[in-house]
Amino acid sequence: MTMRAVVASDHDPSLGALAVHDVARPSPRRHQVLIKVHCAPVNPIDVMILRGTYPALPPAPFIPGAVGVGTVVGHGGGLGRVLVGRRVVFAAPPGSPGTWAEYACTGVSLCVPLGDRFNDSDAVNLLANGMTAVGLTDLLDRSRHESVVFTAAASEVGQLFNRVTRGRRSLINVVRSDTQADILHRLGARIVLNSSTDDFPAQLGSWIERTGATAAIDSVGGTLAASLLDALPDRAELISIGRLSGEPVTIDALTNLTYRQQHMTGFSIYAWLDNLSPARRIRAIHRARRLYGPHGHRTRVQHIAGLDDAAQRLPDLIANTSAGKTLISPLSGATRPS
Ligand SMILES: NC(=O)c1ccc[n+]([C@@H]2O[C@H](COP(=O)([O-])OP(=O)(O)OC[C@H]3O[C@@H](n4cnc5c(N)ncnc54)[C@H](OP(=O)(O)O)[C@@H]3O)[C@@H](O)[C@H]2O)c1
């Protein structure tokens, strides 16, 4: 049996190597399920993989897409049978065919069943971004960081982190535009700094001192991340979660790591989930689910694109990510959500 899928013929910095093809429908192995995809987001990790800038790349040609929402329509035996008929948010196993397709296969442990109160688009990043916000909180709790800086804070992960952090610790949000600052103020964020203003370094230093911040969670990299370490106190920690600038972090190791005893670590949602016991995993999923709902987080969607549209004009669709996510829906033509 075949299915339609977006296929990247190569890794391409201009995102131009995409086309829709008829390809073989994947078959679930034991403890795996076959999912009819309803929609899949275009997330920064997908863009980095397509551009060839992510540290682990699937060999070309490949079907992109790390996560999605869909209905389980088949199983390969074992635990998979309990999910048949359920609507799930799921992640494609790293290195396997992705979610920008009519069907995808994944392991039962990479599926989270969705209740009726979630529509497809609201919950599409529950696993990728909701669980990341919860995982980062867990990491900060264990490291006893009571106040923290967060870059690209108007991103979906940043907004979810604001929700999960509320009332628990001081949060210094860093964004790069006033529009992004407004998004966070509407969410109730207290401290929001715009890194494109002249007084940003002074503001950052002042708020770090006032709140006693001892860590920064960074998804930008490059000079911004390096400047955070310089502004933070001795023994502070920089936790890298992404590289939106496309630039690596260059630091003076002798000054920051040796003399000032600062640390650099990273957080990966895949590694964190792998290391959770079943009980902690269930608790984490419950915490992530509670972030969503009518009065909670809803994924802001600016485009819903069909497979053809996504393949033909991905750079246009993701030109302004602050305005919302682009979702790829195998079932639809190109529309704007109302
Ligand atoms: N390590 C993990 O396990 C993990 C898991 C999930 C996500 N992440 C990372 O978390 C970050 C956010 O993901 P998301 O899905 O929440 O993002 P998103 O919703 O797509 O939003 C991206 C945001 O980052 C801003 N941005 C883009 N390039 C920037 C730059 N060079 N400097 C400053 N801001 C920039 C965008 O603003 P503009 O509109 O101005 O471009 C937008 O507000 C990404 O780096 C992603 O890779 C990591």
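**Exercise 1. The shell around the ligand**

Which helices each supply at least two residues of the shell around the ligand? Describe the make-up of this shell in the predicted model.

*Solution.* Begin with the helices: helix 1 (44–51), helix 2 (126–143) and helix 3 (156–165) each supply at least two residues of the shell, and the largest share, three residues, comes from helix 2. Next, turn to the single residues, where Ser155, Ser219, Gly242, Ile269 and Ser322 come nearest of the 26 residues around the ligand. Then sort the shell by class, which gives eleven nonpolar, 13 polar and two charged residues. Finally, look at the domains, and note that domain 1 (2–125 + 299–328) and domain 2 (131–271) each give at least three residues to the shell around the ligand.

**Exercise 2. Two packed helices**

Work out how helix 2 is oriented relative to helix 9 (residues 278–290), and name the residues that make the contact.

*Solution.* Two packed helices are described by the angle between their axes and the distance between the axes. For helix 2 and helix 9 the angle is about 105 degrees, and the axes are 9 Å apart. Because angles of 65 to 115 degrees count as roughly perpendicular, helix 2 is roughly perpendicular to helix 9. On the side of helix 2 the contact is made by Leu126, Gly130, Met131 and Val134, while helix 9 contributes Ala284, Arg287, Ala288 and Arg289. Sorted by class, the residues of this contact are five nonpolar, one polar and two charged.

**Exercise 3. The two domains**

How far apart do the C-alpha centres of domain 1 and domain 2 lie, and how many residues does the contact take from each domain?

*Solution.* The domain assignment divides the protein chain into domain 1 (2–125 + 299–328) and domain 2 (131–271), and their C-alpha centres lie 29 Å apart. The contact between them takes seven residues from domain 1 and eight residues from domain 2. On the side of domain 1 that touches domain 2, the residues are two nonpolar, four polar and one charged.

**Exercise 4. Buried and partly exposed residues**

Find the buried residues of helix 10 (residues 307–317) and what covers them, and then explain why Arg298 counts as partly exposed.

*Solution.* In helix 10 the buried residues are Leu307, Asp309, Ala310, Ala311, Leu314 and Leu317, and their cover includes strand 1 (2–8), strand 2 (18–24), strand 14 (301–305) and strand 15 (325–328). Arg298, by contrast, is found in the loop between helix 9 and strand 14, and counts as partly exposed because Arg298 has 15 C-beta neighbours inside 10 Å. As a last step, compare sequence with space: Arg298 and Asp122 are 176 residues apart in sequence, yet 4.7 Å apart in space, C-alpha to C-alpha.

Technical notes: Residues are numbered from 1 along each chain as its sequence is written. This is a predicted model: local features need pLDDT of at least 70, side-chain atom pairs count only at pLDDT 80 or more; totals for chains, interfaces and linings use all residues. A residue is near a molecule or strand if its C-beta atom, placed from the backbone, lies within 6 Å of it. Helices (H or I, at least four residues) and strands (E, at least two) are DSSP runs, numbered from the N terminus. Ala, Val, Leu, Ile, Met, Phe, Trp, Tyr, Cys and Pro count as nonpolar, Asp, Glu, Lys and Arg as charged, and the others, Gly among them, as polar. Domain bounds come from an automatic or database domain assignment. Axes are lines fitted to C-alpha atoms, for helices over the stretch in contact, and angles run from 0 to 180 degrees between N-to-C directions. Angles under 35 degrees count as roughly parallel, over 145 as roughly antiparallel, 65 to 115 as roughly perpendicular and the rest as oblique. A residue is buried if 20 or more other C-beta atoms lie within 10 Å of its own, exposed if 12 or fewer, and partly exposed in between; C-beta atoms are placed from the backbone.
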